[in-house]
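Subject: Structure handover

Dear colleague,

I am passing on to you the structure we spoke about, and below it you will find my notes on what came out of the analysis. Please read them alongside the coordinates.

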Amino acid sequence: MEMLIGEYRNTLDEKGRILFPAKLRAVLQRNELIVTQGLDCCLMLFTTEEWASLNDKIMGSASLFNDQKRLVMRRFIAPAQKIEFDRSGRLSIPQNLREYASLKGESVILGLNKYMELWDSESYDDYLTRTNDQFQEAAKSMGDIFL
């Protein structure tokens, strides 16, 4: 599978649907994605294959007797849902996940190679502003990979 890359801005309609970028849809092998709660109050979207691999890794290392692992299972695995594209290339984002990510209109879809993130546009712009200094430091720490 090709990489899922790019930043795309689009609008979530009143029914909770978002037109998914054609460039990202062209990379997908199926007409469905898995969506779940992400970190930083965004949603994470995975191909079914990538989700199966990640789910197997998480569940393979999980223990019902470990507080942190139960927390990850409850906050990441449990809210996951399979969603399918409609004929117009839109995804209908479930209400509980829209609420988690505060999705209400203008949205941002980020392609991050193996998965995608869906953000409320205002929340994403605030995140970029808040983390700018951290990004500068993180980029400096990775300076040896840029030749």
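A disulfide is taken here as a pair of cysteine sulfur atoms within 2.5 Å, and I put that cut-off at the start because the reasoning about the two cysteines below depends on it. Please also keep in mind throughout that this is a predicted model.

Cysteines. The sulfur of Cys41 has its closest cysteine sulfur in Cys42, at 8.2 Å, which is too far for a bond, and seen from the other side, the sulfur of Cys42 likewise finds its closest cysteine sulfur in Cys41, at 8.2 Å. By this rule the count of disulfides is therefore zero. As for their surroundings, Cys41 counts as partly exposed because its relative accessibility is 46%, whereas Cys42, with a relative accessible area of 0%, is buried.

Overall fold. The protein has six helices and eight strands, and when followed from the N terminus these elements come in the order β-β-α-β-β-α-α-β-β-α-β-β-α-α. For 147 residues, a compact globule would be expected to have a radius of gyration near 15 Å, and the 16 Å of the protein agrees with that. The C-alpha trace spans about 45 × 40 × 30 Å along its principal axes. Of the contacts between residues at least 6 apart in sequence, 61% join residues at least 24 apart.

Surface and charge. Of the 147 residues, 37% count as buried. The accessible surface amounts to about 9300 Å², and carbon and sulfur atoms account for 51% of that area. There are 19 positive and 22 negative side chains, with the centres of the two sets lying 5 Å apart.

Ile93. One residue that I looked at in detail is Ile93, which sits in the loop between β6 (90–92) and α4 (95–100). Is Ile93 buried or exposed? Its relative accessibility is 1%, so Ile93 counts as buried. When residues up to four places away in sequence are left aside, Ile93 touches Leu12, Gly16, Ile18, Leu43, Ile83, Arg98, Leu103 and Leu118. Thr36 lies 57 residues away from Ile93 along the chain, and the C-alpha atoms of the two are separated by 10.0 Å.

With best regards

Notes: Residues are numbered from 1 along each chain as its sequence is written. This is a predicted model: local features need pLDDT of at least 70, side-chain atom pairs count only at pLDDT 80 or more; totals for chains, interfaces and linings use all residues. Side-chain values use heavy atoms; hydrogens and water are left out. Helices (H or I, at least four residues) and strands (E, at least two) are DSSP runs, numbered from the N terminus. The radius of gyration is taken over C-alpha atoms; the globule rule is 2.2 Å times the number of residues to the power 0.38. Buried means under 20% relative accessible area, exposed over 50%, partly exposed in between (1.4 Å probe, protein chains only). Contact means heavy atoms within 4.5 Å. Accessible areas come from the Shrake-Rupley method with a 1.4 Å probe; for residues, only the protein chains shown count as cover. Lys and Arg count as positive and Asp and Glu as negative; His and the chain ends are not counted. The place of a charge is taken as NZ of Lys, CZ of Arg, CG of Asp or CD of Glu.
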